[in-house]
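Here are a few worked exercises for you to try with the viewer open. Have a go at each task before you read its solution.

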Amino acid sequence: MKIDTEHAYIVRDPAILYGEPVIKGTRTPVRAVVENWRMGLSPEEIVVHLPHLTLAQVFDALSYYSDHQNEIEAYIEKNKIPEGVVNPPSK
């Protein structure tokens, strides 16, 4: 069951990423937009790297982050890959 937020393009759905805030109509979490932005990409560049998103969706994700920084920071930390961890080669 989708749960709307106070942001037009951001929803929560327990069936998608256990209810983590995502861009409506996608499985893209807000944290993915924030992490791209933190790497120095502008919103206009983010839509090039995530072409299924619109510029309005990216700006709304950044706005959501601004309103819910602690929450998104926790999701970023929870999903961080520890340094030194390497994916094993595929067989």
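**Exercise 1.** Which residues of helix α4 are buried, and where do they sit around the axis?

Keep in mind that this is a predicted model.

Step 1. Helix α4 covers residues 69–78, and its buried residues include I72, Y75 and I76.

Step 2. Those residues span an arc of only 100 degrees around the axis, so they share the same side of α4.

Step 3. Now flip to the other side of α4: there you'll find N70, E77 and K78, which are exposed.

Step 4. As for what covers the buried residues of α4, the list includes β2, α1 and α3.

**Exercise 2.** Work out the strand order of the sheet and find its edge strands.

Step 1. The sheet is open and has three strands, in the order β1-β2-β3, with antiparallel pairing.

Step 2. The edge strands are β1 (3–4) and β3 (22–23), since each pairs on one side only.

Step 3. Zoom in on β2, residues 10–12: two bridges join it to β3 in the antiparallel sense. Pick V11 and look across to β3, and you land on its bridge partner, V22.

As background, strands in a sheet pair through backbone hydrogen bonds, in either a parallel or an antiparallel way.

**Exercise 3.** Search the whole structure for aromatic pairs and classify what turns up.

Step 1. The search gives one aromatic pair. The partners are W37 and Y65, with 6.3 Å centre to centre and 65 degrees between the planes.

Step 2. Planes over 60 degrees apart count as edge-to-face, and that's the class W37 and Y65 get.

Step 3. Place the partners: W37 belongs to helix α1 (residues 30–38) and Y65 to helix α3 (residues 55–67), so the pair ties together parts 28 residues apart in sequence.

Step 4. Check accessibility. W37 has 39% relative accessibility, so it counts as partly exposed. Y65 has 6%, so it counts as buried.

**Exercise 4.** How many salt bridges does a search of the whole structure find? Go through some of them and say what they link.

Step 1. The search finds six salt bridges. One of them joins the side chains of K24 and D4, at 3.9 Å from N to O. The cut-off is 4 Å, so this pair qualifies.

Step 2. K24 is in the loop between β3 and α1, while D4 is in strand β1, so this pair ties together parts 20 residues apart in sequence. With 33% relative accessibility, K24 counts as partly exposed.

Step 3. Next up are R12 and E71, whose side chains meet at 2.0 Å, N to O. This salt bridge links distant parts of the chain, with R12 in strand β2 and E71 in helix α4, 59 residues apart. R12 comes out at 22% relative accessibility, so it counts as partly exposed.

Step 4. Then try R31 and E20, a salt bridge at 2.6 Å, N to O. R31 is in helix α1 and E20 in the loop between β2 and β3, so to speak distant parts of the chain, 11 residues apart. Both R31 and E20 are buried.

Step 5. Finally, look for shared partners: K2, D4 and K24 are joined into one network by salt bridges that share them.

Technical notes
Residues are numbered from 1 along each chain as its sequence is written. This is a predicted model: local features need pLDDT of at least 70, side-chain atom pairs count only at pLDDT 80 or more; totals for chains, interfaces and linings use all residues. Side-chain values use heavy atoms; hydrogens and water are left out. Rings of Phe, Tyr and Trp (its six-membered ring) pair if their centres lie within 6.5 Å; planes under 30 degrees apart count as stacked, over 60 as edge-to-face and the rest as tilted. Helices (H or I, at least four residues) and strands (E, at least two) are DSSP runs, numbered from the N terminus. Buried means under 20% relative accessible area, exposed over 50%, partly exposed in between (1.4 Å probe, protein chains only). Two strands pair if DSSP finds at least two bridges between them. The arc is that of the directions from the helix axis to the C-beta atoms. Contact means heavy atoms within 4.5 Å.
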